[in-house]
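Please open the structure in your viewer and keep the sequence panel visible. The tour below proceeds by selection, one stop after another.

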Amino acid sequence: MNTVKAKKKALLYDTTLRDGMQGENIFFSPEDKLKIAMRLDDAGIHYIEGGWPGSNPGAQAFFDLVRDKQFKQAKICAFGSTRRQNSTCEQDGNIKALIDSGAPVVTIFGKSWDLHVIDIMNNTREENLAMITQTVSYLKAQGREVLYDAEHFYDGYKANADFALETLEAAVKGGSRCLVLCDTNGGSLPCDIDTITRATIAHFKDYDDVIFGVHTHNDCAMAVANTINAVHAGATMVQGTINGYGERCGNADLTAIIPILSLKMNRACISEENLAKLRALSRFVSETANMAPVSSRPFVGRSAFTHKGGVHVSAIMKNPKAYEHMVPELVGNRRRVLVSEQSGKSNIAYKAKELGVDLGDDESKKSLIVNNIKEMENDGYEFDAAEGTLKLLMEKLTEQYQSHFELESFRVVVEKDKERPCYSHAMIKIRVGDKTEITSAEGEGPVSALDNALRKALATMYPSVRDLHLVDFKVRVIDGSDGTDARVRVLIESRDTDHIFSTIGVSEDIIEASWQALADSFQYKLSLEHKGQKNDEKNKKNLISA
């Protein structure tokens, strides 16, 4: 009889709210931490480390907020250290704070490297072992599940393997049944992690109820690889942070580790439904941290399944497996195809379909678009970063473009006096159908003034432009050899209630380039609205016919 082999399990331990916050420019308020914790629980994380309650008031505030919250499955963990040397657990304020936090799980760290014990702490090996055993035992007696983080374990093992193993034995003696091996300095290589993890697990072969975890840092760009190697060697708990946030070069990135465990290693760690939430979780944590999402981040980044070369695009149109190692939607991502001077007809056909531009079977239209794009990118345009302008260009070249307004003229005045900083005034004249509109507005700069004036002119006829907001504005000098006469590229990212899109302008005049990108953003926004209205009318006719 055939039997299905059960998947090995892996436990997910998130430390974004503590270790992640040690990253440069990362800060979460207690309320932010609560929101993230709820999202982590919703995504299927097993353990959520909330912070070190004895270290700062903000950490304790989180535990106060989370105390009465109901979680689907996640256990909230408080983090702290072993008791102070030559003291008792009852006298230690940090130990008391761990208990007072109310967290059902406590994660404590202790020293596994005798360099730290002797040179940094000015302690003895014997006292260090006693600190570990007594702290674990005390917290267990308080009814807590205790996880033991063996700080600097891999470095300690390389320096003095016997002592490093004794520190783990001390934690087991105290009652901990989860030993987490830490590469705290992030300097170990995958071969080190594999060898040492296997040897350590073998050392505890007589303890059937002891499990091992791994906690790695990314100082050698090996955190994810080291974590996966440790799991391959027998570890069942992985610790990390969302997006790899953390001190120095960061921690192991759970947004990469989770899909690798689930999809590549067949480890039972997260459901398919929760795996599909991964990209949204990554973006939520980025937004909450006020950090720009990294487009090249594996699995969840905007560019993770993006194709630009014509040969690649031609292949994925036939079979995506040709250039994709997995289905993007499994992690909540999607395939993207870029159009640039490297593009072929396959890119154009794919992109036109994605953007809703009908090219039919006319190969000449595709060739016309490819040739124009190549010429324009040679002049400084960059269409893989400006899909809004690309759509408008495709429509213009195939005679499908509908202009929602035409510029008659604009004037921008920049003034400065000793009483106030520079300010700008723009006057604009546009035509919408047979109607001409002349408006003026001020702004903090010339582009801001133009934006305000154009918005004001269009709002009476297109009220929806009030929902359009500029998100990002970038200026790049294309060729600096001409000095202040150099051609510049302006990229504008805009958003409304439902869409985010980018537009581009290129000129020797920065105001002209800005106007091109700005005007395209409004034209694109209005084209989306027009398309929605046409779809509504079509659906209405279908209902009437039915």
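The stops run from the whole chain to individual helices and residues.

**The whole chain**

This is a predicted model, in which local features need pLDDT of at least 70 and side-chain atom pairs count only at pLDDT 80 or more, while totals for chains, interfaces and linings use all residues. Residues are numbered from 1 along each chain as its sequence is written, and side-chain values use heavy atoms, with hydrogens and water left out.

Begin with the complete protein chain, coloured by pLDDT (the predictor's confidence in each residue, from 0 to 100). The average pLDDT is 89, and 94% of the residues score at least 70. Next, select residues 539-544: here the pLDDT is below 50, and the stretch has 0 contacts in the model beyond near neighbours in sequence. Contact means heavy atoms within 4.5 Å.

Return to the full chain, whose C-alpha trace spans about 90 × 75 × 60 Å along its principal axes. The protein chain has 18 helices and 16 strands; helices (H or I, at least four residues) and strands (E, at least two) are DSSP runs, numbered from the N terminus. Of the 546 residues, 51% are buried. Buried means under 20% relative accessible area, exposed over 50%, and partly exposed in between (1.4 Å probe, protein chains only). Among contacts with a separation of 6 or more, residues 24 or more positions apart account for 67%.

**Helix H2**

Select residues 57-66, helix H2, and show the side chains of the buried residues Ala-59, Phe-62, Phe-63 and Val-66. Viewed down the axis of H2, these buried residues fall within an arc of 95°, so they line one face of the helix. The arc is that of the directions from the helix axis to the C-beta atoms. Add helix H1 (30-42), strand E2 (47-51) and strand E3 to the display, as the buried residues of H2 pack against them.

**Asp-100 in helix H3**

Now centre on Asp-100, which is placed in helix H3. Asp-100 is partly exposed, with a relative accessible area of 39%. Leaving aside residues up to four places away in sequence, Asp-100 touches Gln-60 and Arg-67. Draw a distance to Asp-379, 279 residues away along the chain: the two C-alpha atoms are separated by 65 Å.

**Two asparagines with positive phi**

Most residues other than glycine have a negative phi. Select Asn-86, in the loop between strand E3 (75-81) and helix H3 (93-100); its phi is positive, near 55°. Asn-86 is exposed, with a relative accessible area of 65%.

Move to Asn-122, in the loop between helix H4 (114-120) and helix H5 (125-141). The phi of Asn-122 is also positive, near 55°, and Asn-122 is exposed at a relative accessible area of 67%.

**Helices H9 and H10**

Select residues 223-233 (H9) and 254-264 (H10), which pack at an angle of about 35° with their axes 10 Å apart. Axes are lines fitted to C-alpha atoms, for helices over the stretch in contact, and angles run from 0 to 180 degrees between N-to-C directions. Val-224, Thr-227, Ile-228 and Val-231 of H9 meet Ala-256, Ile-257, Ile-260 and Leu-261 of H10.

**Helix H14**

Finish at residues 345-355, helix H14, where Asn-347, Ile-348, Lys-351, Ala-352 and Leu-355 are buried. Down the axis of H14, the buried residues fall within an arc of 125°, so they line one face of the helix. Gly-356 follows H14 and has a positive phi, near 80°.
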